[in-house]
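Welcome! Take a moment to look over the sequence and the 3D view, and then let us walk through a few places together.

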Amino acid sequence: MKKTILAVMGAALMTGLSSFGPGTEKKQSTSLTVDTQKSRVDWVASKKNDFHTGFFPIKSGQINVDGGKITGGKFVLDLANLKVTDGAGDGLTGHLKRADFFDVEKFNEAVYEITSVNYTSDATAEISGNLTLKGATFPVKINANIRSIDPAKGVFAQSFVSLDRTLLGINYGIGNVSKDVQLAIHLFAK
C-alpha cells in the first residue's frame, strides 16, 4: 500500500513540476506574399456565337497560413492592365475599361478579401470572401483546390468559378452577352 501511495504522490509531483516547465509552442500564423509574376485570374466571357478570353493580373496580395492550412488572405486585381488574349485585342480591351464594364478611370483595382475558409478535404476548401469592385462590395464564395502548401516552396491554389457579372453591377449587352463569366484563378505565394 505504501508503494502505491508513493507512486501516486510521485506521479502527482512530476505532473505538478512539469506544468511549470516549457510547454509545446503553438505554430505562428504565417503571411505569404503572392507572386504577382505567376499569379493571375483568367476569364472567358461568351456571347451569341462567339466568346472572348483574357486575364486580370494580380497586383498584390498575401495568403495567411496556420498549421498547414490557408486561413485568410487578400488580393488586389489590376483592372487597369487587364488583357484580352483572343483576336478582339485592343478594341475589346478599351471597351472593357470603359464605364459600362469596369470603369478603370475611376476604379482601377478590385479587391478580394477572405472572410472564412472551410476545408472539405486535405486539398479542397470552400473560401468565403468579399469582392470590392466599382466601389461596391459583394460576397463571393470560391471552391479552391489547394495544390501545395510547403514552407520552403510556398502555396499554390487554383479555383474555377462561374460568376454572374450582373450581381456585380455589370449589365452591358444582356441578351447578347452571357451574364456568366468563367474565371480560372491561379495563386502562387511564398
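## One helix and its two faces

A residue is called buried when its relative accessible area is under 20%, and exposed when that area is over 50%. Please keep in mind that this is a predicted model.

With those words in hand, turn to helix α2, residues 89-97, where the buried residues are Gly89, Leu92, Thr93, His95 and Leu96. They sit on the same side of α2, because they cover an arc of only 165° around the axis. An α-helix has 3.6 residues a turn, so residues three or four places apart point the same way.

What covers this buried side? The cover includes strands β2 (40-47), β3 (50-66) and β5 (83-84). On the face turned away from the buried side, you will find the exposed residues Asp90 and Gly91.

## The largest pocket

The largest pocket has a volume of about 810 Å³. It is lined by 43 residues, and those closest to its centre are Val41, Phe56, Leu163, Val181 and Leu183.

Strand β10 (residues 177-189) gives the most to this lining, with six residues. By type, the lining of the largest pocket divides into 35 nonpolar, six polar and two charged residues.

## Two unusual backbone angles

Most residues other than glycine have a negative phi. Asn49, in the loop between β2 and β3, has a positive phi of about 65°. Asp103, in the loop between α2 and β6 (109-121), has a positive phi of about 50°.

Are these two buried or exposed? Asn49 is exposed, with a relative accessible area of 83%, whereas Asp103 is buried, at 12%.

Key:
Residues numbered from 1 in each chain as written. Predicted model: local features only at pLDDT ≥ 70, side-chain atom pairs only at ≥ 80, totals over all residues. Heavy atoms only, no water. 1 Å grid on protein atoms, 1.4 Å probe; cavity = no way out; pocket = protein on both sides within 12 Å on 5 of 7 lines; lining within 4 Å. Points joined across faces, edges and corners; volume = space filled by probe spheres on them. Helix = DSSP H or I, 4+ residues; strand = E, 2+ residues; numbered from the N terminus. Nonpolar A, V, L, I, M, F, W, Y, C, P; charged D, E, K, R; others polar. Buried < 20%, exposed > 50% of the residue type's maximum accessible area, 1.4 Å probe, protein only. Arc of directions from axis to C-beta. Contact = heavy atoms within 4.5 Å.
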